[in-house]
Amino acid sequence: MSDAERFEAVDRSDAITPGTMRSYVVNGEPVVVVNVDGELHCLEDRCSHSRSELSSGTLRGHRLQCPLHGAAFDVRTGEHLGPPAFRGVRSLPVRVRDDVVEVGLEATESAP
C-alpha cells in the first residue's frame with residue numbers, strides 16, 4: 001500500500017482552527033480531528049465508556065471531555081484521564097499536505 005493510500009483527505013487545513021474540533025468518517029469509522037494550539041490530533045469519535053460522540057464534548061487544552069458522563073481523554077494519545085472511562089480510545093495519525101488535512105487509516109496506538 002502506498003503512502004497516499006494509507007491516508008484519507010478530510011478537509012481544508014483552515015477548516016479546523018486552534019481550539020476547535022470537527023468530526024468525519026474515515027474508512028467507514030467516525031473520527032474527531034482536534035486542533036490544539038495549531039497542532040492536529042485525531043481520535044476515534046466514540047467514548048470508550050458510553051459510545052457517545054466525543055466531538056459533541058468539551059475541549060480544554062489537550063483534554064476532551066465526553067458530553068454524556070464526563071469521561072475525559074488526552075487528544076494526543078487517546079489515553080483516558082479517569083472514570084467513568086476505564087480505557088482509552090484509538091488515536092490515528094493526522095497530517096497536513098498541500099493545505100489538506102489527511103487522517104491515517106490505521107491507528108497509531110490503542111490507548112490504555
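How far is the sulfur of Cys-66 from the closest cysteine sulfur, and why is there no bond? These close-ups come from a predicted model, where local features need pLDDT of at least 70, side-chain atom pairs count only at pLDDT 80 or more, and totals for chains, interfaces and linings use all residues. Residues are numbered from 1 along each chain as its sequence is written, and side-chain values use heavy atoms, with hydrogens and water left out.

**View 1. Cys-47 and Cys-66, a pair of cysteines without a bond.** The sulfur of Cys-66 is 3.8 Å from the one in Cys-47, its closest cysteine sulfur, and that's too far for a bond. To count as a disulfide, two cysteine sulfur atoms have to be within 2.5 Å. As a reminder, a disulfide is a covalent bond between the sulfur atoms of two cysteines. The structure holds 0 disulfides. Both cysteines are tucked away from the surface: Cys-47 is buried at 0% relative accessible area, and Cys-66 is buried at 4%. (Buried means under 20% relative accessible area, exposed means over 50%, and partly exposed is in between, using a 1.4 Å probe and protein chains only.)

**View 2. A three-stranded open sheet, in the order β1-β10-β9.** The pairing here is antiparallel. At the edges sit β1 (7-12) and β9 (94-97), each pairing on one side only. Strands are DSSP runs of E with at least two residues, helices are runs of H or I with at least four, and both are numbered from the N terminus. Two strands pair if DSSP finds at least two bridges between them. On average, neighbouring strands of this sheet are turned by 35° against each other, direction ignored; for such angles, axes are lines fitted to C-alpha atoms (for helices, over the stretch in contact), and angles run from 0 to 180 degrees between N-to-C directions.

**View 3. Arg-95 and Glu-102, face to face across β9 and β10.** β9 and β10 (residues 100-104) run antiparallel, paired over 4 bridges. Arg-95 stands opposite Glu-102 in β10, and the two form a salt bridge with their closest N and O atoms 2.6 Å apart. A salt bridge needs a side-chain nitrogen of Lys or Arg within 4 Å of a carboxyl oxygen of Asp or Glu. Glu-102 is buried at 15% relative accessibility, and Arg-95 is buried too, at 19%.

**View 4. Two more of the 6 salt bridges found in the whole structure.** Asp-11 and Arg-22 form one, with 3.7 Å between the closest N and O atoms. Asp-11 belongs to strand β1 and Arg-22 to strand β2 (residues 21-26), so this pair ties together parts 11 residues apart in sequence. Asp-11 is buried at 17%, while Arg-22 is partly exposed at 37%. Glu-29 and Arg-46 make another, at 3.2 Å from N to O. Here Glu-29 is in strand β3 (residues 29-36) and Arg-46 is in the loop between β4 (39-44) and β5 (58-60), 17 residues apart.

**View 5. Asp-74 and its surroundings in strand β7 (residues 72-74).** Asp-74 is buried, with a relative accessible area of 11%. A polar atom of the Asp-74 side chain lies 2.8 Å from the backbone nitrogen of Arg-76. Leaving out residues up to four places away in sequence, Asp-74 touches Leu-43, His-62, Glu-79 and Leu-81, where contact means heavy atoms within 4.5 Å.

Key. A polar contact is a pair of N or O atoms within 3.5 Å; within protein, one must be able to donate a hydrogen and the other to accept it, and residues adjacent in sequence count only if both atoms are side-chain atoms.
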